[in-house]
Amino acid sequence: MTKRAVSYEPVNVALPLAKKLEESIKGNGELPNGAELRRIVKEIGGEELYLGRGVSAFRAGEVVGVILPGRDRITIELLPSEGGISEALEVVAYMDRDLGAFVVEILPANDIEYEGNIGLEPVIIDAGSLELKSTPVLGEFEEEEEGVFLVIDLETYGRWKESGKLGVCPICGGKLVWEGEKTHCADCGYGVKVKN
């Protein structure tokens, strides 16, 4: 039986959050405002804890999030309610004027363990055409008997396949071995599943 995975770790919140930010930017042509951010948080299963003076906090499962909006940048800190700060992640959305693009990145708080963006690549959306210019691998998490899977749609899978990186885990950068429409990563333990 498949069900939405409980958010035990920041990565369980970060990837769906980045996906929703991508959809919002592509749909509206701008970074989301406060009301849109609150809607996104609810869609990923978050519950608002605090709202005031431009800062808000929410809880999604066992993860606490703090939204720090800026004029041209949104930073969302994701902290595990149990565990170390080294497991924290940061989701950042901003307009890169040099690139002429909106960018959404998922960055680890601890750069020693993992270098680069989680999600294989950052989201890069052309500011003029609102077309995706990168190959992020983002989706929702579901729990099955075999474990927890990052569920991606066919469009995401198609871009990922074209990139030639189907063997690279989008969560930790480890090696994936596919069996049909599912794969597991031996390094981080997460699976990836393609949903029609």
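**Exercise 1.** In this predicted model, find the ring that the charged end of Lys-182 sits over, and say how far away its centre is.

*Solution.* Start at Lys-182 and follow the side chain to its charged end. That end sits over the ring of Phe-149, 5.2 Å from the ring's centre. Now try Arg-73: its charged end sits over the ring of Tyr-94, 5.2 Å from the centre.

**Exercise 2.** Work out how strand 11 and strand 12 pair, and what stands opposite Val-177.

*Solution.* Step one: locate the strands, residues 176–179 for strand 11 and residues 182–185 for strand 12. Step two: check the direction. They pair in the antiparallel sense, over four bridges. Step three: look across from Val-177, and you land on His-184 in strand 12. Step four: look at the turn. The two strands make a hairpin with two residues between them, and Gly-180 in that turn has a positive phi of about 70 degrees.

**Exercise 3.** Describe the backbone and the surroundings of Leu-130.

*Solution.* First, the rule of thumb: most residues other than glycine have a negative phi. Next, look at Leu-130, which isn't a glycine but has a positive phi of about 60 degrees. Where is Leu-130? In the loop between strand 8 (123–126) and strand 9 (140–144). Last, its accessibility: Leu-130 has 22% relative accessibility, so it counts as partly exposed, since buried means under 20%.

**Exercise 4.** Classify the ring pairs that Trp-178 makes with Tyr-157 and with Trp-160.

*Solution.* A search of the whole structure turns up three aromatic pairs. Take Tyr-157 and Trp-178 to begin with: their ring centres are 5.7 Å apart and their planes are at 70 degrees, so this pair is edge-to-face. It ties together distant parts of the chain, with Tyr-157 in helix 3 (residues 154–163) and Trp-178 in strand 11, 21 residues apart.

Then do Trp-160 and Trp-178. Here the centres lie 5.6 Å apart and the planes stand at 65 degrees, so this one is edge-to-face too. Trp-160 is in helix 3 and Trp-178 in strand 11, 18 residues apart.

Put the pieces together: Tyr-157, Trp-160 and Trp-178 form one aromatic cluster. Is Trp-160 buried or exposed? At 0% relative accessibility, it's buried. Trp-178, at 22%, counts as partly exposed, and Tyr-157 is partly exposed with 22% as well.

**Exercise 5.** Find the residues that touch the most other members of the largest nonpolar core.

*Solution.* The core has 45 residues, and the ones to pick are Leu-15, Leu-21, Ile-76, Leu-78, Val-91 and Ile-106. Then ask which element gives the largest share. That's helix 1 (residues 10–28), with eight residues.

Definitions and conventions
Residues are numbered from 1 along each chain as its sequence is written. This is a predicted model: local features need pLDDT of at least 70, side-chain atom pairs count only at pLDDT 80 or more; totals for chains, interfaces and linings use all residues. Side-chain values use heavy atoms; hydrogens and water are left out. Two strands pair if DSSP finds at least two bridges between them. Buried means under 20% relative accessible area, exposed over 50%, partly exposed in between (1.4 Å probe, protein chains only). A nonpolar core is a set of buried Ala, Val, Leu, Ile, Met, Phe, Trp, Tyr and Cys residues joined through side-chain atoms within 4.5 Å. Rings of Phe, Tyr and Trp (its six-membered ring) pair if their centres lie within 6.5 Å; planes under 30 degrees apart count as stacked, over 60 as edge-to-face and the rest as tilted. A charge sits over a ring if NZ of Lys or CZ of Arg is within 6 Å of the ring centre and within 35 degrees of the ring normal.
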